[in-house]
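Open the model in your viewer and keep the sequence panel beside it. This tour tells you what to select at each stop and what you will find there.

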Amino acid sequence: MINGLNTEDKLAWCEKYGIEAELAFAVGSMHEIGLPTFINPAKKKDKYTHDLYSIFQVDLKTVRTPLFKAQPNFGIDPQYAVTFNLKDGKRYAELYPHIVVIFDVEWKD
């Protein structure tokens, strides 16, 4: 759970926390490194489209909890582990073959 949202509830994530995280990342982190970035205007009609535009198409993966089972299951320290869904990879390859996927990783604990 992050901010009261189940991290596996994609609809809730897309409608609430994801939007806030995308905006904060676009106007914060990306601008800090000199990349002007804005929310994809198509998100008003399709909440599942890619998140951002910069000088390229961007999808943002906001990660706020470590993958706690990474060490016992894969031998990877949880602070260095993230997941990427195969379903997302296939969708990106089909719809946005040149998209850049950015992981915004911040552990609160």
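The stops below run from a helix, through paired strands, to a lysine and some aromatic rings.

**Stop 1: helix 2.** This is a predicted model. Select residues 17–32, which make up helix 2. At 1.5 Å a residue, its 16 residues should span 22 Å. The end C-alpha atoms are 22 Å apart, so the span agrees. Now centre on Phe25. Helix 2 bends there by about 35 degrees. Phe25 is also one of the buried residues of helix 2, along with Tyr17, Gly18, Ala21, Glu22, Ala26, Gly28 and Met30. Step past the end of the helix to Gly34. Its phi is positive, near 85 degrees.

**Stop 2: strands 2 and 3.** Select residues 52–53 for strand 2, then residues 57–63 for strand 3. The two strands form a hairpin with 3 residues between them. They pair in the antiparallel sense over 2 bridges. To see one partnership, pick Tyr53; its bridge partner in strand 3 is Gln57.

**Stop 3: strand 4.** Add residues 100–105, which form strand 4. Strand 4 runs parallel to strand 3, and 6 bridges join the two. Leu60 has Ile102 in strand 4 as its bridge partner. How many residues of strand 3 are buried? The count is 6 of the 7, so strand 3 is largely enclosed by the rest of the structure.

**Stop 4: Lys61.** Stay in strand 3 and select Lys61. Is Lys61 buried or exposed? Its relative accessible area is 16%, under the 20% cut-off, so Lys61 is buried. Show its side chain together with that of Asp88. The two side chains make a polar contact at 2.9 Å. Next, display what else Lys61 touches beyond four places in sequence: among these residues are Phe84, Tyr92, Val101, Ile102, Phe103 and Asp104.

**Stop 5: the rings.** Three of the residues touching Lys61 deserve another look: Phe84, Tyr92 and Phe103. They form one aromatic cluster. A search of the whole structure finds 3 aromatic pairs. For a stacked pair, select Phe38 and Tyr53. Their ring centres are 5.8 Å apart and their planes lie at 25 degrees, so the pair counts as stacked. The pair links distant parts of the chain: Phe38 is in strand 1 (residues 38–39) and Tyr53 in strand 2, 15 residues apart. Colour both by accessibility to finish. Phe38 is partly exposed at 45%, and Tyr53 is partly exposed at 27%.

Key: Residues are numbered from 1 along each chain as its sequence is written. This is a predicted model: local features need pLDDT of at least 70, side-chain atom pairs count only at pLDDT 80 or more; totals for chains, interfaces and linings use all residues. Side-chain values use heavy atoms; hydrogens and water are left out. Helices (H or I, at least four residues) and strands (E, at least two) are DSSP runs, numbered from the N terminus. Buried means under 20% relative accessible area, exposed over 50%, partly exposed in between (1.4 Å probe, protein chains only). A polar contact is a pair of N or O atoms within 3.5 Å; within protein, one must be able to donate a hydrogen and the other to accept it, and residues adjacent in sequence count only if both atoms are side-chain atoms. Contact means heavy atoms within 4.5 Å. The expected span of a helix is 1.5 Å times one less than its number of residues. The bend at a residue is the angle between axes fitted to the seven residues ending there and the seven starting there. Two strands pair if DSSP finds at least two bridges between them. Rings of Phe, Tyr and Trp (its six-membered ring) pair if their centres lie within 6.5 Å; planes under 30 degrees apart count as stacked, over 60 as edge-to-face and the rest as tilted.
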